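Please read these notes alongside the model. They cover helix packing and the buried interior.

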Amino acid sequence: MEKLNSGAKKLGLQLNPAQLEQFHVYYQELTDWNRRVNLTTITSYEEVQVKHFLDSLTVTLAFRPLLTDGNFIDVGAGAGIPGVPLKIALPEIRLVLVEATAKKAVFLRHLKDKLKLDNVEIVVGRAEEIGHLPRYREKFDVVLSRAVAPLPALAELTLPFCAVGGSVIAQKKGDIIRELRRADKSIRILGGNLREIKHIGLEEFADERCLVIVDKISPTPERYPRRSGIPAKRPLV
Ligand code: SAH
């Protein structure tokens with residue numbers, strides 16, 4: 001886990017041997033399960049360290065001074081990215097992983113046991129439905145999401161989980177200015193306010209990556225999120 005370790009240091013994160021071992025076990029389980037369950041196309045030891053693990057940890061650039069506590073939720077967690085690497089690096093956080101695909105959720109449960117993670121809850125279902133449940137609605141300080149939907153739809157899938165005063169952090173690449181312009185209305189309707197686009201300037205990444213940080217400034221109207229599939233099909237643009 002040397003690539004991860006040196007990259008994490010650049011982010012101001014010092015990983016101890018036990019944490020590096022957890023990442024190692026994560027890598028092994030991910031590539032082992034990936035033969036049966038479609039979890040990732042990135043499988044080489046070096047690439048997983050950078051493109052999955054280190055990429056997840058870049059989320060910490062959004063909260064300086066470093067936030068080490070709080071309620072986090074990862075929407076569309078897939079194989080656990082970015083939520084699980086963050087939980088390994090910041091063991092005090094409480095984390096909910098929402099994932100629509102049952103098979104991936106089975107992997108996440110297995111991973112939680114293997115890594116002996118406390119205060120991690122796995123919820124199988126769609127964000128459009130889970131986002132209406134009182135247990136999860138407007139309950140989180142930080143809402144994470146990577147590679148789930150374009151921003152106009154993503155705002156509707158994530159902002160309902162966010163407590164007023166908390167923030168949504170979306171990991172993005174590509175033409176972010178255009179995507180943001182299209183998401184402007186959606187973010188506003190759902191109670192968000194764009195705080196910052198933070199560029200990730202690490203040499204480890206060949207492409208241009210950034211964090212879109214949206215603060216929750218007012219409650220999300222009750223009718224959102226709309227029925228499953230509607231946020232993506234008819235985004236609030
Ligand atoms: N965040 C992970 C996975 C990205 S793939 C990563 O960056 O590697 C997108 C994942 O989101 C898939 O696993 C898919 O099942 C899940 N997903 C897509 N739409 C969803 C929704 N509306 N609610 C919950 N999960 C969703």
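Contact here means heavy atoms within 4.5 Å. The model is predicted, so local features need pLDDT of at least 70 and side-chain atom pairs pLDDT 80 or more, while totals for chains, interfaces and linings use all residues. Numbering runs from 1 along each chain as its sequence is written, and side-chain values use heavy atoms, without hydrogens and water.

1. Leaving aside residues up to four places away in sequence, Phe53 touches Met1, Leu4, Phe23, Tyr26, Tyr27, Val48, Ile81 and Pro85.

2. The largest nonpolar core (buried Ala, Val, Leu, Ile, Met, Phe, Trp, Tyr and Cys joined through side-chain atoms within 4.5 Å; buried is under 20% relative accessible area, 1.4 Å probe, protein chains only) has 53 residues. Tyr26, Phe53 and Phe107 touch the most other members. Helix α2 (residues 17-33) gives the largest share, seven residues. A second, separate core of 31 residues includes Ala149, Ala153, Ile187 and Leu190.

3. Buried residues of α3 include Val48, His52, Phe53 and Asp55. Among the elements covering the buried residues of α3 are α1 (2-10), α2, α4 (83-89) and β5 (162-173). Helices (H or I, at least four residues) and strands (E, at least two) are DSSP runs numbered from the N terminus.

4. Helices α7 (residues 151-158) and α8 (residues 176-189) pack at about 45°, axes 7 Å apart. That makes α7 oblique to α8. The contact includes Leu151 and Pro152 of α7 and Ile176 and Leu180 of α8.

Notes. Axes fitted to C-alpha atoms, helices over the stretch in contact; angles between N-to-C directions. Parallel < 35°, antiparallel > 145°, perpendicular 65-115°, else oblique. Buried < 20%, exposed > 50% of the residue type's maximum accessible area, 1.4 Å probe, protein only.
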